[in-house]
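Student: I would like to learn how to read strand pairing and a nonpolar core. Where should we begin?

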Amino acid sequence: MSNGHHIRIRQHLGRFTLDVELQSDTGGVTAIFGPSGSGKTSLINAIAGLTQPQEAFIQIGDRVLSDTANGSFVKPHERRVGYVFQDARLFPHLTVEKNLRYGAAPGVSLTKTTELLGIDHLLDRLPNALSGGEAQRVAIGRALLSQPDILLMDEPLASLDQARRDELLPYLDQLHRFSGTQIFYVTHSMAEVARLADTIVLLKDGQVTRAGPAMDILSDPAALPDIGVREAGAVLQATLTKPDAGDGLSALSISNGTLLLPQINADEGAALKVRILASDIILSRDRPDGLSALNILPATVAHIQEGTGPGVAVALVSGQDRLVARITRRSARALNLTQGACCFAIIKSVSVAPGAVSAAHQTTQQE
């Protein structure tokens, strides 16, 4: 089966209309991001076949699941779709193992999935003996074991506290690389988007405002109104060159220099993604001297986006990486920042939280 999807939906829901078109040749993890009421859950319910829009064309890989133009509609249980909800929805009277085997594809082995999700020691437990994070991992395992063509995840971390979210994110990070299954991931957390997504779809009032590769969207100042100014930030590709660079720091190589960040628990040579918030970047026209900040990257101004408030978003190119900085309009004018101007991006090591560093996606198909 080929990767990718083509989805076109128009659905009237009272005074709300969902009108979207999405297309990708590569599959991967598609994050659907937007405020409450933007149509995120309505979109994946239509993909799952739980609703039948007035107009729809839904193709996943080589299979057409809905086409209202010719009256075709594949029933939900025949779509080979896995669905993970906000709450785990496990059968309370069945053990973890029996929950996992319920709906599993014939002949499928539990071992790889339970090891991937770290639930192999929970098989004899009942759901009421699981933590929230453990229950969600079991729910994800159950969906994967059905060997779906596409996995739909509707805010799977929303019901968890921050500690349980942090516990579950590394497992979510591995899902697509482990299985090769296309994933549609609904969330209102930009931190989850930045960590997990290959592609981002921004929804507002039932319409797609932006869609494209995650790194392009996250580094685009024009996307700030949809992302949220406090959540805006670019993602850099990095290689861990020194897990222990001394003083509790690790050294990472990026395209235009080195980043020193709080110590990272990964092997030397590991490919990583690093999220740098726009609000954590300070700009200087000259290379600063005598600062406590350890990360100073030469950059060029690619674009300046002005809003209605006092702030501006500055798109930067540093080597092959793109960054976005949020500063005041007054600062931009004082620095005489214009397109093509050279400057330096200054990033405090401690401003990059451990959760902002994750493994880069490298897909390997499950055997």
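Tutor: With a definition: two strands count as paired if DSSP finds at least two bridges between them. Keep in mind that this is a predicted model.

Student: How many bridges join β3 to β9?

Tutor: Strand β3 (residues 29–33) is joined to β9 by 5 bridges, and the two run parallel. Ile 32 has Val 186 as its bridge partner in β9. β8 and β9 also run parallel, joined by 5 bridges, and here Asp 154 stands opposite Val 186. From β8 the chain crosses through α5 to β9 in a right-handed β-α-β crossover.

Student: Are the residues of β9 that point one way and the other buried or exposed?

Tutor: Gln 182, Phe 184 and Val 186 point one way, Ile 183, Tyr 185 and Thr 187 the other, and all are buried.

Student: Now the core. What is the general idea?

Tutor: In soluble globular proteins, nonpolar side chains tend to be buried together. Here the largest nonpolar core has 33 residues, and Tyr 185 and Leu 172 are among those with the most contacts inside it. Elements that each supply at least two residues include β8 (150–154), α5 (162–179) and β9 (182–187). The largest share, 7 residues, comes from α4.

Student: How many of the residues of α4 are buried?

Tutor: 13 of its 14, so to say "mostly covered" is fair for α4.

Student: Which residues is Leu 172 in contact with, leaving aside neighbours within four places in sequence?

Tutor: Ile 140, Met 153, Leu 157, Tyr 185 and Leu 196. A second, separate core has 32 residues, including Leu 236 and Leu 323.

Conventions. Residues are numbered from 1 along each chain as its sequence is written. This is a predicted model: local features need pLDDT of at least 70, side-chain atom pairs count only at pLDDT 80 or more; totals for chains, interfaces and linings use all residues. Side-chain values use heavy atoms; hydrogens and water are left out. A nonpolar core is a set of buried Ala, Val, Leu, Ile, Met, Phe, Trp, Tyr and Cys residues joined through side-chain atoms within 4.5 Å. Buried means under 20% relative accessible area, exposed over 50%, partly exposed in between (1.4 Å probe, protein chains only). Helices (H or I, at least four residues) and strands (E, at least two) are DSSP runs, numbered from the N terminus. Contact means heavy atoms within 4.5 Å. A crossover is right-handed if, with the strands pointing away from the viewer, the path from the first strand over the helix to the second runs clockwise.
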